[in-house]
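Welcome, and please take a look at the sequence and the 3D view below. We will walk through a few places in it together, one stop at a time.

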Amino acid sequence: MEFGFTQEQETMRDEVRQFIAENVTDEVIAELEDGEEGGSGPHYKELRRKIAERGWVGISWPKEYGGQDGSRIHQYIVEEEFSRVGIGVGGAGSGAPAILAAGTEEQKQFFLPGLINGDIDLALGFTEPQAGADLAGLQCQAVKDGDDWVINGQKMFTSSAHYATHIYLMARTDPDAPRHRGISIFLVPMDTPGITVRPLWTIQNAPTAPKGTTYGMSRTNETFFEDVRIPQSAMLGDENRGWYVGAMGLNLDRVGASRYLISVRRDEDIINWVKENDFDGHSPADDPAVRDKLAELWIEAQVCRLMTMRSMSIVEQGGNFTYEGSAEKVFAPEHGVKTSESITQMLGPYAQLLNGSPGAIDNGIYAHNLMGAFQSGINHGSVQVMRDQVARRGLGLPRG
Ligand SMILES: Cc1cc2nc3c(=O)[nH]c(=O)nc-3n(C[C@H](O)[C@H](O)[C@H](O)COP(=O)(O)OP(=O)(O)OC[C@H]3O[C@@H](n4cnc5c(N)ncnc54)[C@H](O)[C@@H]3O)c2cc1C
């Protein structure tokens with residue numbers, strides 16, 4: 001079996017690398033490393049516009065909505081290269097595949113080009129205080145009033161809601177129906193009256209994670225909806241079918257290079273660190289325990305990569321994509337935790353000190369990476385829930 005890329009694909013990779021070398025400036029990196037504002041700064045927005053002009057966002061989406069009718073493998077190459085420098089190219093997220101699959105013509109014409117050029121940012125409004133892993137228990141309610149819907153309720157962990165233009169929101173539209181069948185999805189402008197966003201600071205905020213921390217955001221949000229009135233045209237897909245649209249979007253969102261690459265970058269960093277450092281004539285690269293651990297991590301990283309490529313290939317060929325994304329969503333975050341743990345072990349006890357602590361190595365970046373690595377095992381579906389999906393959809397086991 002040939003795992004390599006074609007010459008044409010490698011040429012595209014070279015082009016992307018050259019673009020990154022010329023356009024990913026220190027200003028862009030500084031904005032992205034701002035844990036609170038993340039990707040909302042002007043330099044990053046400008047970069048996103050340039051990436052879109054190159055046709056590198058939503059490559060596989062139809063041309064009529066701003067895409068290229070192109071291959072997911074090309075999209076993968078773009079994502080892979082940008083992920084290496086810590087940049088998401090935009091247009092991804094579970095909202096986009098859901099809009100493509102279930103949106104009205106008007107919604108596709110409005111949202112997809114906006115997601116491509118960065119004019120539109122979608123926050124994800126699924127989780128609630130009492131509905132996370134058990135999402136179907138959500139209580140946020142949308143009630144029909146004439147031609148409108150009126151939303152009341154609360155969402156938790158609405159990352160990016162403080163700068164998003166819209167929220168991709170799950171709400172209960174039929175409280176009497178069985179749990180999964182009374183839910184609908186709405187695409188709600190964030191400036192609609194009645195929406196309040198409050199910061200929810202993560203463990204990365206106090207003390208503040210240092211610049212360059214690879215994993216983990218310092219801010220997410222709570223979002224409150226009080227008599228938020230929206231038109232019927234804001235509904236995505238059919239009334240009371242939102243559960244299925246949302247689940248499909250989340251599943252497809254798990255296909256992509258960024259999730260595994262964040263860990264691969266860490267692996268590469270450790271390997272380079274081990275090669276470059278020398279303590280009184282002793283290199284950690286000579287230590288058999290270190291060599292053994294690095295080899296193990298590197299092999300796992302390659303497995304992550306192959307799992308991602310397999311998913312891309314299944315989706316590209318229109319195959320039945322059921323448990324594969326969930327399997328990746330277990331393997332890659334857990335690899336990330338293992339990688340971060342390994343570097344702190346190799347560096348010794350001082351690597352466990354956080355930013356600002358006397359004696360912390362490199363401003364505590366290794367301890368912050370380790371704490372942040374756990375976030376990716378929780379957001380977008382926790383590893384426990386993903387394991388359950390693999391057991392049911394992949395292995396055919398009964399519901400747990
Ligand atoms: C940094 C961060 C960003 C996030 N961003 C967003 C976002 O933008 N939008 C959004 O909607 N949500 C977001 N989330 C929420 C995330 O999807 C939920 O945290 C996740 O689904 C778990 O829900 P919970 O926190 O309510 O935990 P709970 O549902 O209370 O679960 C707690 C723990 O128990 C485990 N568990 C629960 N039920 C079972 C079971 N039946 N079997 C086995 N184990 C189980 C879970 O896996 C978890 O480990 C984010 C979360 C984090 C941490």
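A residue is called buried when its relative accessible area is under 20%, exposed when that value is over 50%, and partly exposed in between, using a 1.4 Å probe and protein chains only. This is a predicted model, in which local features need pLDDT of at least 70 and side-chain atom pairs count only at pLDDT 80 or more, while totals for chains, interfaces and linings use all residues. Residues are numbered from 1 along each chain as its sequence is written, and side-chain values use heavy atoms, with hydrogens and water left out.

**A buried serine**

Let us begin with Ser184, which sits in strand β5. Helices (H or I, at least four residues) and strands (E, at least two) are DSSP runs, numbered from the N terminus. Ser184 counts as buried because its relative accessible area is 0%. Its side chain makes a polar contact with the side chain of Thr173 at 2.6 Å, and the side chain of Ser184 also reaches the backbone nitrogen of Asn240 at 2.7 Å. A polar contact is a pair of N or O atoms within 3.5 Å; within protein, one must be able to donate a hydrogen and the other to accept it, and residues adjacent in sequence count only if both atoms are side-chain atoms. Leaving aside neighbours within four places in sequence, the residues in contact with Ser184 (heavy atoms within 4.5 Å) include Leu169, Met170, Met235 and Gly242.

Strand β5 (183–189) also meets helix α5. In α5 (residues 95–102), Gly95, Ala96, Pro97, Ala98 and Ile99 are buried. These buried residues pack against β5, and also against α6 (105–117), β1 (122–125), β4 (166–172), β8 (235–236) and α7 (242–253).

**Domains and the ligand**

The domain assignment, from an automatic or database source, divides the chain into domain 1 (7–90), domain 2 (122–238) and domain 3 (254–394). The centres of domain 1 and domain 2, taken over C-alpha atoms, are 27 Å apart.

Which domains help to form the shell around the ligand? Domain 2 and domain 3 each supply at least three residues. A residue is near the ligand if one of its heavy atoms lies within 4 Å. There are 13 residues around the ligand, and Leu124, Thr127, Phe157, Ser382 and Gln384 come nearest. Here are some polar pairs at the ligand:

| Ligand atom | Protein partner | Distance |
|---|---|---|
| Nitrogen | Leu124, polar backbone atom | 2.8 Å |
| Nitrogen | Thr127, side-chain N or O atom | 2.7 Å |
| Oxygen | Ser382, side-chain N or O atom | 2.5 Å |

The ligand on its own has 970 Å² of accessible area, and the protein covers 64% of that; such areas come from the Shrake-Rupley method with a 1.4 Å probe, and for residues only the protein chains shown count as cover.

**Backbone turns to look for**

Most residues other than glycine have a negative phi, and most peptide bonds are trans. Phe157 has a positive phi of about 55° although it is not a glycine, and this residue lies in the loop between β3 (148–156) and β4. Asp69 also has a positive phi, near 55°, and is found in the loop between α3 (42–53) and α4 (72–84). Asp69 is exposed because its relative accessibility is 53%.

Finally, the peptide bond from Ala206 to Pro207 is cis, with omega near -5°. Pro207 belongs to the loop between β6 (195–201) and β7 (219–231).
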